[in-house]
Amino acid sequence: MNETISNILKRVGTTAYQPKQIKDDELDLIIRAGKAAPNAFNAQNWHFSVIQDREILEAIDRKTFQALDEIGDIDEDERDYRPLYDAPALIILSAAEESQFSKQDCSCANQNMAVAAKSLNIGSRYLDVPNMAFEGEQGKRLRQRCRIPDGYEVICSLSLGYPADQDEKPSPRRDDVVSYVR
Ligand SMILES: Cc1cc2nc3c(=O)[nH]c(=O)nc-3n(C[C@H](O)[C@H](O)[C@H](O)COP(=O)(O)O)c2cc1C
């Protein structure tokens, strides 16, 4: 099996990270991989906000938790849930509000980055819930702190960091989801 396929098959949504920051040259490669993703009309109406400031990461984590708690999505046994899983880095993908295919574009970029990260032994997880931290009036200040451009909406994020468990195993996949018409 070639290395690309192997990295795709080994990728895991990491939920525990080492506190150590990832290296800048690795981060650059991950972002290059994200920007290389397919996107509708090659309009590239996306923005990558790379957050490595601990205070801002904590603010995103806290606001996300509060937003989930407010809508009753946090059970009593989930009070220690950390939506960013204490990852030392987060890439927030936002896209121009008028962009028709922003979800698809940003998802493609996110997955390219996840696989690139895996190839560098860096863990990652596709995250949707942190979007809540940027919603409404309350999220405005955080949007500014994260340099989300005006007129852009947050689509998804990717947490990044060296995994605490170096031996993470991918979760099993269903066998009954493929049809062949030959
Ligand atoms: C659209 C989408 C949204 C997701 N949102 C979250 C999220 O908010 N929080 C989280 O912990 N994982 C999130 N995930 C990760 C999935 O839970 C994870 O990919 C799935 O359980 C399969 O596990 P794997 O990534 O280890 O293969 C999301 C994944 C996708 C594709």
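Salt bridges, then. This is a predicted model, and it holds eight of them. I will go through three pairs and one network.

Take R82 to begin with. Its partner is D86, and the closest N and O atoms of the two are 2.7 Å apart. R82 is partly exposed, at a relative accessible area of 27%. D86 is also in the partly exposed class, with 42% relative accessibility.

The next pair is K140 with E137. Here the side chains meet at 3.5 Å, N to O. K140 counts as partly exposed, at 44% relative accessibility, whereas E137 counts as exposed, at 64%.

Then K169, which forms a salt bridge with D167; the closest N and O atoms are 2.9 Å apart. K169 itself is exposed, with a relative accessibility of 58%. As for the network, E58, D61, R82 and D86 are joined into one by salt bridges that share partners. So R82 and D86, the pair I opened with, both belong to that network.

Now charge without a salt bridge. Which residues gather in a patch of negative charge on the surface? They are D73, D75, E76, D77, E78 and D80. I will pick out D77. Its place is in the loop between helix 3, residues 54-70, and strand 2, residues 89-96. With a relative accessible area of 66%, D77 is exposed. The cut-off for that word is over 50%, so D77 qualifies.

There is a nonpolar patch on the surface as well. It is formed by M1, I5, I8 and L9, and together these residues have about 440 Å² of accessible area. L9 lies in helix 1, which covers residues 3-10. The relative accessible area of L9 is 52%, and that makes L9 exposed.

On to the cysteines. How many disulfides are there? The count comes to zero. C108 is in no disulfide, and the nearest cysteine sulfur, that of C106, is 9.3 Å away. C108 is partly exposed, with a relative accessible area of 30%.

C156 is the other cysteine to look at. Why does C156 have no bond to C106? The closest cysteine sulfur to that of C156 is the one in C106, and at 5.3 Å it is too far for a bond. The cut-off is 2.5 Å between the sulfur atoms, so a distance of 5.3 Å does not count as a disulfide. As for its surroundings, C156 counts as buried, at 0% relative accessibility. C108 is partly exposed, whereas C156 is buried.

Last, one residue in helix 3, namely T64. Is T64 buried or exposed? T64 counts as buried, with 0% relative accessibility. If you want a long-range distance to check on the model, take T64 and A164. They are 100 residues apart along the chain, and their C-alpha atoms are separated by 23 Å.

To go back over the main points: the structure has eight salt bridges, and one network joins E58, D61, R82 and D86. The surface carries a negative patch that includes D77 and a nonpolar patch that includes L9. The disulfide count is zero.

Definitions and conventions:
Residues numbered from 1 in each chain as written. Predicted model: local features only at pLDDT ≥ 70, side-chain atom pairs only at ≥ 80, totals over all residues. Heavy atoms only, no water. Patch = residues over 30% accessible without salt bridge, like charges linked within 9 Å, V, L, I, M, F, W, Y side chains within 5 Å. Areas by Shrake-Rupley, 256 points an atom, 1.4 Å probe, with all protein chains shown as cover. Salt bridge = Lys/Arg side-chain N within 4 Å of Asp/Glu carboxyl O. Lys, Arg positive; Asp, Glu negative; His and termini not counted. Charge placed at Lys NZ, Arg CZ, Asp CG, Glu CD. Helix = DSSP H or I, 4+ residues; strand = E, 2+ residues; numbered from the N terminus. Buried < 20%, exposed > 50% of the residue type's maximum accessible area, 1.4 Å probe, protein only.
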